[in-house]
There are 2 protein chains.
Amino acid sequence: MQDSIKLAGIREIAEALSISNGTVDRALHGRGGVSAKTAARVLKMAEELGYRPNLAARALKLNRRIRIGVQLPKQIASFFDPLRSAIRSAATASRGFQIALDFEEYPRLGHGDVELLTRVLGRPSDQRYDALIVTPGNPARVDALLTSIARSGTAIICVASDAPRSERLASVAVDAYTSGSIAAELLARTLPNGSVATITGDLTTLDHADKLRGFAATLATLAPHLTLLTAVESHDRAEEAYRQTVALLKRRPRPVGLYLSTANSIPVLEAVREHRMAGKIQIVTTDLFNALLPYIESGDVLATLYQRPQTQAKIALETITSYLLEGTLLNPVTRLAPHIILRSNLPLFLDHVTERQISRGVSF
Amino acid sequence: MQDSIKLAGIREIAEALSISNGTVDRALHGRGGVSAKTAARVLKMAEELGYRPNLAARALKLNRRIRIGVQLPKQIASFFDPLRSAIRSAATASRGFQIALDFEEYPRLGHGDVELLTRVLGRPSDQRYDALIVTPGNPARVDALLTSIARSGTAIICVASDAPRSERLASVAVDAYTSGSIAAELLARTLPNGSVATITGDLTTLDHADKLRGFAATLATLAPHLTLLTAVESHDRAEEAYRQTVALLKRRPRPVGLYLSTANSIPVLEAVREHRMAGKIQIVTTDLFNALLPYIESGDVLATLYQRPQTQAKIALETITSYLLEGTLLNPVTRLAPHIILRSNLPLFLDHVTERQISRGVSF
DNA sequence: TTGAAAGCGCTACCAC
DNA sequence: GTGGTAGCGCTTTCAA
């Protein structure tokens with residue numbers, strides 16, 4: 001089979017119709033100032049000749065240096081640091097655009113994000129972002145802001161979470177419901193009778209709530225032999241998680257399985273180890289970072305659900321560039337499957353773990 | 001943090017040194033005809049100004065219509081059909097290059113591949129491929145050919161398998177050893193005592209042998225309670241697989257787990273069902289296609305290891321274009337982690353399953 | 001409403 | 001060894 005496409009450009013269309021290429025361009029892009037009749041002829045001929053715009057030429061001519069704002073929280077660093085650096089390298093690799101990135105940070109989801117977003121609206125128009133990458137925290141508090149920004153001409157891309165009721169251009173995230181569902185299936189298949197517990201961050205966060213819904217639903221379907229204890233919220237703080245874990249371990253009968261739906265897993269794992277329950281409780285965690293590695297290698301952790309920050313970054317930037325350059329919206333909503341990382345496939349992910357994910361302060 | 005890179009082009013370097021941009025270009029690309037001294041000055045200034053080539057301009061100027069040959073087997077269609085169509089769409093989406101694809105097919109791995117490769121060497125030089133995408137079957141029989149083609153100036157990219165001793169430019173594949181290892185871990189975690197069997201294609205194929213090595217190694221480590229029966233080779237033929245499965249099911253004690261390391265799983269699953277053993281034997285399969293879906297949904301299949309043809313295609317084309325356009329070899333060897341598809345995350349993969357994977361004849 | 005032409009940054013060719 | 005320059009296909013501006 002041969003894909004030989006004859007390359008028809010604007011020039012060819014113009015010649016075929018004996019008009020100027022300026023007119024063809026205007027017609028093709030509906031820029032106005034073209035009679036309806038001519039426009040129709042152009043469109044028809046373009047179709048006929050199989051017109052494919054030369055993106056290199058377009059990019060060269062436009063030669064825009066597009067400006068992308070990136071507003072992400074410092075925490076949880078194990079996820080957002082790799083995400084940031086992946087955005088950086090995806091931007092560097094981009095053909096066609098010079099991409100200027102403007103990174104801004106705030107402490108954590110729901111703490112400082114609104115302020116940064118507000119500041120975007122105040123930027124002088126010559127410094128406007130062409131696109132803005134954000135992780136929306138509480139939708140109720142950012143929806144309106146995101147919509148305002150979008151209407152001001154900045155394309156909004158949500159990563160890691162979503163604000164579906166805002167006018168964001170696109171959203172990329174791991175499917176949270178499915179994440180919970182996978183955790184439940186893994187526990188269902190490996191555990192005999194007993195009860196399982198979940199430790200999450202904050203149930204007002206959509207992502208966390210969705211994970212729990214998926215977990216509960218699948219547990220009910222696949223594991224009628226397992227009882228689900230009420231969810232514990234650790235608010236992504238280390239001591240809280242530690243304390244709550246100790247409390248869980250003192251319950252009788254003791255839970256046989258644990259689903260940690262945020263990256264705040266280390267204090268939990270430490271508590272489990274200190275109580276000499278390592279390996280006796282099946283644990284499914286979230287994300288991948290240095291401190292977690294030994295627990296996976298030892299088998300203390302059955303599996304971790306990796307949210308693929310690199311992939312999310314790549315998709316986000318592809319979405320932005322193809323939107324700005326070609327005017328096509330690839331995929332308004334991308335829901336990735338998390339990678340299920342076990343002991344056996346861990347080696348393949350080791351190069352995804354960066355070094356400088358040192359937890360400072362109480363959480364990570 | 002602000003990434004404002006001042007955009008220095010060839011022009012800027014030339015002006016800074018009061019020389020012509022032709023000279024700068026020659027120096028930057030080591031094209032010769034430049035005095036060592038000038039070349040050094042140019043390189044230094046380029047460094048200083050942070051020279052970044054404008055890839056759009058380069059692409060526009062070169063305006064090559066690169067020609068990529070794609071030689072893949074018809075079987076196993078569930079893998080190679082999606083791979084082919086993903087190559088197609090990745091090529092269409094490519095900025096900078098017009099890509100002409102030349103698809104060629106042969107019946108199956110090891111049957112007809114050598115002939116197609118030989119034919120490549122005979123092509124008139126004006127029809128030479130800039131790059132060739134292949135799945136090497138038996139390395140012993142294609143290594144030399146691949147090297148000849150590579151030396152003739154065609155970049156060879158191996159997908160789905162590898163020929164590491166040839167002079168191929170790059171290789172993209174799922175890590176076979178890890179695939180087997182994952183299968184073993186899943187069975188180890190879900191099975192009590194007993195024996196497990198493997199059905200593979202052909203142990204002379206590197207990929208199949210590697211999977212088995214990984215399976216055996218991990219089984220020994222994680223599941224001393226499980227016995228591994230000797231591997232069965234079905235040569236990817238349906239009746240053979242069916243017959244062998246029936247034989248396996250007649251063994252006493254009956255195997256409690258099964259690892260099917262090729263996509264030739266349907267006859268096995270049918271045999272299991274007919275013997276009313278569905279759900280009583282844990283089965284891990286390979287790849288994802290329509291016919292397999294009901295088995296995953298019903299739980300007959302515990303997990304399938306998906307080899308991500310779309311991802312492989314994308315990486316292969318990225319490797320090719322960045323090599324031909326920028327002259328940089330991204331990653332000579334890419335080893336993907338297979339996706340572990342369970343019942344819970346299956347919905348996220350449904351759109352990866354194309355329709356026209358109808359098995360014709362004896363195998364797929 | 002349409003035509004003509006400049007020019008984006010790079011490569012390659014020709015002249016010196 | 002080096003300088004000068006045409007031109008890739010597109011967008012955009014100015015003139016008609």
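This passage describes a predicted model of two protein chains with two DNA strands, in terms of symmetry, DNA surfaces and selected buried positions. In this predicted model, local features need pLDDT of at least 70 and side-chain atom pairs count only at pLDDT 80 or more, while totals for chains, interfaces and linings use all residues. Residues are numbered from 1 along each chain as its sequence is written, chains are lettered from A and ligands numbered from 1 in the order in which they are written, and side-chain values use heavy atoms, with hydrogens and water left out.

Chain A is superposed on chain B by a rotation of 180° with 0.0 Å of shift along its axis, at an RMSD of 0.1 Å (least squares on the C-alpha atoms of residues with pLDDT of at least 70 in both copies). The two copies are thus related as by a two-fold rotation axis, and in chain A the C-alpha nearest that axis is that of A56(A), at 2.4 Å. Since 100% of the interface residues of chain A are also interface residues in chain B, the copies meet through the same surface.

Around DNA strand C there are 28 residues, of which T38(A), K61(A), I10(B), D25(B) and R58(B) come nearest (a residue is near a strand if one of its heavy atoms lies within 4 Å of it). Of the strand C atoms within 4 Å of the protein, 67% belong to sugar or phosphate and the rest to bases. Phosphate oxygens of this strand lie 2.7 Å from a side-chain N or O atom of T38(A), 2.8 Å from a polar side-chain atom of R58(B) and 3.1 Å from a polar backbone atom of N54(B). Helix 2 (21-28) and helix 4 (55-62) of chain A, together with helix 2 (21-28) and helix 4 (55-62) of chain B, each supply at least two residues of this surface, and helix 4 of chain B gives the most, with four (helices, H or I of at least four residues, and strands, E of at least two, are DSSP runs numbered from the N terminus).

Around DNA strand D, I10(A), D25(A), T23(B), S35(B) and K61(B) come nearest among 29 residues, and 62% of the strand atoms within 4 Å of the protein belong to sugar or phosphate, the rest to bases. A phosphate oxygen lies 2.8 Å from a side-chain N or O atom of T23(B), another such distance, to a backbone N or O atom of N54(A), is 3.1 Å, and a sugar or linking oxygen is 3.0 Å from a side-chain N or O atom of N63(B).

In helix 6 of chain A (residues 113-122), the buried residues are D113(A), V114(A), L116(A), L117(A) and V120(A) (buried, under 20% relative accessible area; exposed, over 50%; partly exposed, in between; 1.4 Å probe, protein chains only). These residues cover an arc of only 165° around the axis, which puts them on the same side of helix 6 (the arc is that of the directions from the helix axis to the C-beta atoms). On the other side, R119(A) and G122(A) are exposed.

T218(A), in helix 9 (residues 206-222) of chain A, is buried, with a relative accessible area of 9%. The side chain of T218(A) makes a polar contact of 2.3 Å with the side chain of S181(A) (a pair of N or O atoms within 3.5 Å; within protein, one must be able to donate a hydrogen and the other to accept it, and residues adjacent in sequence count only if both atoms are side-chain atoms). Leaving aside neighbours within four places in sequence, T218(A) is in contact with S181(A), A184(A), E185(A) and A223(A) (contact, heavy atoms within 4.5 Å).
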